[in-house]
Every structure is written in C-alpha cells, then in structure tokens.
Amino acid sequence: MPLSPIYQAVLDGNAPAARAGVAAALAAGLSAEAILNNACIPAMTEVGRLFEDGEKFVPEMLISARAMSAATELLKPILAAEGVAQVGSVVIGTVAGDLHDIGKNLVGMMLEGAGFVVIDLGVDVPPQRFVEAVRSHRPDILAMSALLTTTTRAMLNTIAALHEAKMRDQVKVMVGGAPITQAFADEVGADGFSADAGAAVRKAKELLAR
Ligand code: B1M
C-alpha cells in the first residue's frame with residue numbers, strides 16, 4: 001500500500017522519508033488529494049492523539065509537523081495546477097497567539113487549487129494586521145484559522161477590529177480550525193465556517209455567490 005510509508009514517516013517525523021513516500025505514491029498514480037486525506041492528515045491526527053495520551057511530546061509534534069510540511073510541499077503545485085480560472089481572492093492567516101499552520105496551509109492550498117488568489121499572512125497574526133491586509137488587498141474573503149481554544153477569541157477581536165475600521169461590510173469572514181464550530185462562528189459574527197479544507201473551498205465559493 002503506497003500510503004503506509006507516508007503515514008509512518010509523518011508519524012515518526014521523518015521528513016526525507018515523507019517526501020520520498022509522496023514522490024513514490026504520485027509516481028504510482030495516486031492523486032494529491034488521496035495522499036493528503038488518507039495518509040498525511042490521519043498521521044497528524046494520530047500524533048495529536050499520542051500527545052494527548054502523553055506518549056508524544058512537543059518536540060516530536062514539531063518534527064512530525066515538519067515531515068508533514070515536506071510531504072505537502074510536493075503536493076502543493078499539483079493541487080494548484082488542478083485549479084481553474086481565478087474565482088476570487090482570500091487573505092488567510094492563523095490568529096494572534098497561535099503558531100499552528102498546517103491546517104491553514106492546507107486550506108490555502110486547496111483554495112489556490114480551486115482558483116482563488118491567496119494572500120497568506122502566516123501565523124500569530126494580530127487583528128490589526130488582518131485589518132491592514134483587508135484594506136490593502138481588498139480580498140473577497142478573510143479566512144482565519146485557530147487551533148487552540150485559548151486563541152479562538154482572537155477571531156472575535158479581529159471581527160471587532162474590522163467593525164471599528166468600518167470595513168466589516170467589505171469582506172466575508174470565514175473561520176475554521178479544530179476547536180471551531182458553527183455555533184462559535186455564529187457567536188463571533190463570522191459569515192462562514194468549515195470543518196476541513198475541502199469544505200472550506202465549498203464555503204468560500206458559496207460566500208462569493210451570496
Ligand atoms: Co499543538 N496543540 N500546541 N502543536 N498541536 C494541538 C492543537 C492540541 C489539540 C494537541 C492536544 O492536546 N491534543 C492542543 C490544543 C488544545 C486546545 O487548546 N484545545 C495543542 C497544544 C496544547 C499546543 C501547545 C500549547 C503545546 C505546548 O507548548 N505545551 C503549543 C502551542 C503553541 C502556539 O500555537 N502558541 C503547541 C505547539 C505545537 C507545535 C508547534 C509543536 C505543532 C504545530 C506545528 C505547525 O503547525 N507548524 C503542534 C501540532 C502539530 C499539533 C497537533 C498534533 C496537530 C495539528 C495539525 O497540524 N493537524 C494538534 C493535535 C490535533 O489537531 N490532533 C495540536 C493536522 C491539520 C491538517 O489539521 O490543523 O485541524 P487542522 O486543520 C484542519 C481543520 O481544522 C480545518 O481544515 C484543516 C484541514 O482539513 N481548518 C480550517 C483549519 N483551519 C481552517 C480555517 C478555515 C477552514 C478550515 O477557514 C478559514
């Protein structure tokens with residue numbers, strides 16, 4: 001099974017093996033999306049479970065994250081090449097205080113693959129930087145990612161900063177990340193929520209059509 005070496009390499013934090021596994025799976029004819037959804041993401045989910053159980057620690061999570069990034073680097077151009085004509089633009093970032101970027105990067109990649117122009121602000125993005133980016137890039141959508149329950153409030157602060165700058169009606173706001181729910185999105189006044197990267201593309205298209 002060409003996916004098991006990738007799963008194992010991400011789990012072990014072995015970046016060269018993860019990259020080699022992805023190259024082999026692509027050569028064997030597997031799609032980038034299948035590799036992502038059936039090997040890379042399940043491996044990171046297992047890393048999280050082992051961390052919760054006290055069987056893995058932060059440095060191990062970090063090297064698994066690096067292996068995941070090495071694997072997805074090879075998938076990125078393929079996902080982007082599957083894209084169609086430009087459909088809209090998105091400013092994306094991980095909120096203030098939060099350094100998790102794997103999910104945010106996947107969402108950005110899938111959006112690019114679907115034809116969106118993506119402006120990635122990176123991680124630990126304070127509300128004011130999101131506001132400045134909306135002012136300068138005039139995107140259709142502002143997309144925020146958060147992985148820590150403690151940083152989800154930064155989404156509320158960013159939406160408040162947009163209101164304060166009188167720019168809230170200029171952009172649709174999308175939120176996502178493991179602790180985010182539709183109820184939370186409604187509570188903070190976001191226009192859309194999605195649970196995974198594929199759903200994020202569908203939601204972004206739906207927001208554009210509104
Ligand atoms: Co962190 N971490 N981490 N971590 N980490 C979690 C999130 C945690 C759940 C682990 C656990 O306890 N089980 C836990 C959070 C608990 C909580 O708040 N509820 C946690 C913790 C506690 C911490 C630290 C505090 C640990 C410490 O230092 N003691 C620390 C905080 C640092 C900080 O941010 N300030 C920390 C650090 C790290 C590393 C740096 C070591 C590393 C991140 C490396 C990196 O991202 N470059 C790391 C990792 C790797 C994880 C886990 C294991 C994996 C996250 C991941 O990449 N998942 C994670 C446990 C887990 O999630 N099971 C954990 C794979 C990724 C594809 O999924 O990011 O959920 P995800 O993205 C999905 C969806 O959520 C969605 O689509 C994506 C693709 O399908 N999505 C969106 C994401 N953003 C979206 C935006 C959208 C739409 C959908 O629209 C805008």
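**Exercise 1. Which helices and strands each supply at least two residues of the lining of the largest pocket?**

Solution. Keep in mind that this is a predicted model.
- Step 1: start with the helices; α3, α4, α5 (102–113) and α9 (197–209) each supply at least two lining residues.
- Step 2: add the strands, β3 (141–145) and β4 (172–176).
- Step 3: look for the main contributor; α3 gives the most, with eleven residues.

**Exercise 2. Describe the largest pocket by its space and its lining**.

Solution.
- Step 1: the space in this pocket comes to about 1,400 Å³.
- Step 2: its lining has 46 residues, and those nearest the centre are His 100, Ile 102, Gly 103, Leu 147 and Ala 178.
- Step 3: sorted by kind, the lining holds 27 nonpolar, twelve polar and seven charged residues.

**Exercise 3. Compare the expected span of helix α4 with the distance between its ends**.

Solution.
- Step 1: helix α4 covers residues 58–81, which is 24 residues.
- Step 2: at 1.5 Å a residue, α4 should span 34 Å.
- Step 3: the end C-alpha atoms of α4 are 34 Å apart, so the two values agree.
- Step 4: now follow the helix along; α4 bends by about 35° at Leu 75, and Pro 77 follows within four residues.
- Step 5: Leu 75 is also one of the buried residues of α4, which include Ser 64, Met 68 and Leu 79.

**Exercise 4. Is Pro 42 buried or partly exposed?**

Solution.
- Step 1: find Pro 42 in helix α3 (residues 32–52).
- Step 2: its relative accessible area is 27%, and buried means under 20% while exposed means over 50%, so Pro 42 is partly exposed.
- Step 3: check its neighbours; leaving out residues up to four places away in sequence, Pro 42 touches Tyr 7, Leu 36 and Asn 37.

Methods. Residues are numbered from 1 along each chain as its sequence is written. This is a predicted model: local features need pLDDT of at least 70, side-chain atom pairs count only at pLDDT 80 or more; totals for chains, interfaces and linings use all residues. Side-chain values use heavy atoms; hydrogens and water are left out. The expected span of a helix is 1.5 Å times one less than its number of residues. The bend at a residue is the angle between axes fitted to the seven residues ending there and the seven starting there. Buried means under 20% relative accessible area, exposed over 50%, partly exposed in between (1.4 Å probe, protein chains only). Contact means heavy atoms within 4.5 Å. On a 1 Å grid over the protein atoms alone, a cavity is a set of points where a 1.4 Å probe fits but cannot get out, and a pocket is an open set with protein on both sides within 12 Å along at least five of seven lines; lining residues have an atom within 4 Å of a point. Grid points are joined across faces, edges and corners, and a volume is the space filled by probe spheres set on the points. Ala, Val, Leu, Ile, Met, Phe, Trp, Tyr, Cys and Pro count as nonpolar, Asp, Glu, Lys and Arg as charged, and the others, Gly among them, as polar.
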